[in-house]
Amino acid sequence: MRDHDLPAPQRRGRGKSRFDDDETPFLTYGRQPARTAPDDEPDPADQWSSWGEAVHGPEPHPPWLVTELAARDTDLGVLKTGKEADVHLVRRAVPDTDRSCLLAAKRYRDAQHRLFHRDAGYLEGRRVRRSRENRAMAGRTAFGRQLIAGQWAAAEFAALSRLWEIGAASGRIAVPYPVQLLGTELMLEFVGDPDEGTAAPRLAQVRPDPAQLRSLWAQLVDALVVLARAGYAHGDLSPYNLLVRAGQLVVIDLPQVVDVVANPQGPEFLARDVRVVAAWFTARGLPAVDTDPAELTAMLLREAGVR
């Protein structure tokens, strides 16, 4: 089977999936938080921090994260454009203090864009309870497309939250800290130089020496093992959605994460992930015996409990 012939994944009827969103938390905005006095409004280029309205990432929150409701968010421009989302650089700061942090705001588009034409299998099992919403998503109405975009954002937020907690405990996988989720916007830790506002390079941009190449491969295998043990395949793994920060490999872009156990096409998606990244490392000089995709895939499937 060729990679581009892989069908969209379908869910087996085996109970609730880890991606179920019955309560549609990604559409829950909550109450507006208390603000400061009316005469202390933000400048037109800024807006109040949306922290008080959003679903928050895992606790304890990192010490660098600004959570004060008096903070303001300033959009500093686009970091990346993509088929499914644009990523903006946002500075969250409390005025007249030294409290500030840089965030990456990933804003999902609706399902009219190309990637979302392949989303039916990925969204299978991510049902909502309201029949009107299910019909809207099935019919790809404007409202339904917005719901679908919210489900992609929610799936990535859930996967990153789980992987962040695993990585914090084991040190075997690095992902951006998922700061918050609000509608179709996912706020993430900015992976890069916070002083310069420069994003970390993608693996595809890196030209590692032999020792660095081996280190990055070892980190990648560790990350794939963590994913497999959690029951995941990335689903779209490539050198373009792996970042390298100070020698550390960081896994990004997980909206299409696949349940490798429940999804009948899960093993094929996992095998494709492995083939793509193994080919890159082999082309950069790592011996093929060390990057054998068949051997690595078989090991990962065992770790995932797939027989």
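Biologist: Which residues of helix 5 are buried?

Modeller: This is a predicted model, where local features need pLDDT of at least 70, side-chain atom pairs count only at pLDDT 80 or more, and totals for chains, interfaces and linings use all residues. Residues are numbered from 1 along each chain as its sequence is written, and side-chain values use heavy atoms, with hydrogens and water left out. Helices (H or I, at least four residues) and strands (E, at least two) are DSSP runs numbered from the N terminus, while buried means under 20% relative accessible area, exposed over 50% and partly exposed in between (1.4 Å probe, protein chains only). In helix 5 the buried residues are Gly266, Phe269, Leu270, Ala271, Arg272, Asp273, Val274, Val277, Ala278, Trp280 and Phe281.

Biologist: How far apart are the end C-alpha atoms of helix 5?

Modeller: The expected span of a helix is 1.5 Å times one less than its number of residues. Helix 5 has 18 residues, so 26 Å is expected, and this agrees with the separation of its end C-alpha atoms, 26 Å.

Biologist: Nice! In what sense does helix 4 run relative to helix 5?

Modeller: Axes are lines fitted to C-alpha atoms, for helices over the stretch in contact, with angles from 0 to 180 degrees between N-to-C directions. The axes of helix 4 (residues 210-229) and helix 5 (residues 266-283) come within 11 Å and cross at roughly 170 degrees. Because angles over 145 degrees count that way (under 35 is roughly parallel, 65 to 115 roughly perpendicular, the rest oblique), helix 4 is, relative to helix 5, roughly antiparallel.

Biologist: And how many residues of that contact are nonpolar?

Modeller: With contact meaning heavy atoms within 4.5 Å, Leu213, Leu216, Trp217, Leu220 and Leu224 of helix 4 meet Val274, Val277, Ala278, Trp280 and Phe281 of helix 5. Ala, Val, Leu, Ile, Met, Phe, Trp, Tyr, Cys and Pro count as nonpolar, Asp, Glu, Lys and Arg as charged, and the others, Gly among them, as polar. The contact has no polar and no charged residues, and its nonpolar count is 10.

Biologist: On to the strands: which residue in the turn between strand 11 and strand 12 has a positive phi?

Modeller: Strands pair if DSSP finds at least two bridges between them; strand 11 (residues 242-245) and strand 12 (residues 248-251) pair in the antiparallel sense over four. Val244 stands opposite Leu249. The two strands form a hairpin with two residues between them, and the residue with a phi of about 50 degrees is Ala246.

Biologist: Last one: is Gly52 buried or partly exposed?

Modeller: Gly52 lies in the loop between strand 1 (46-48) and strand 2 (55-56). Its relative accessibility is 33%, so Gly52 counts as partly exposed.
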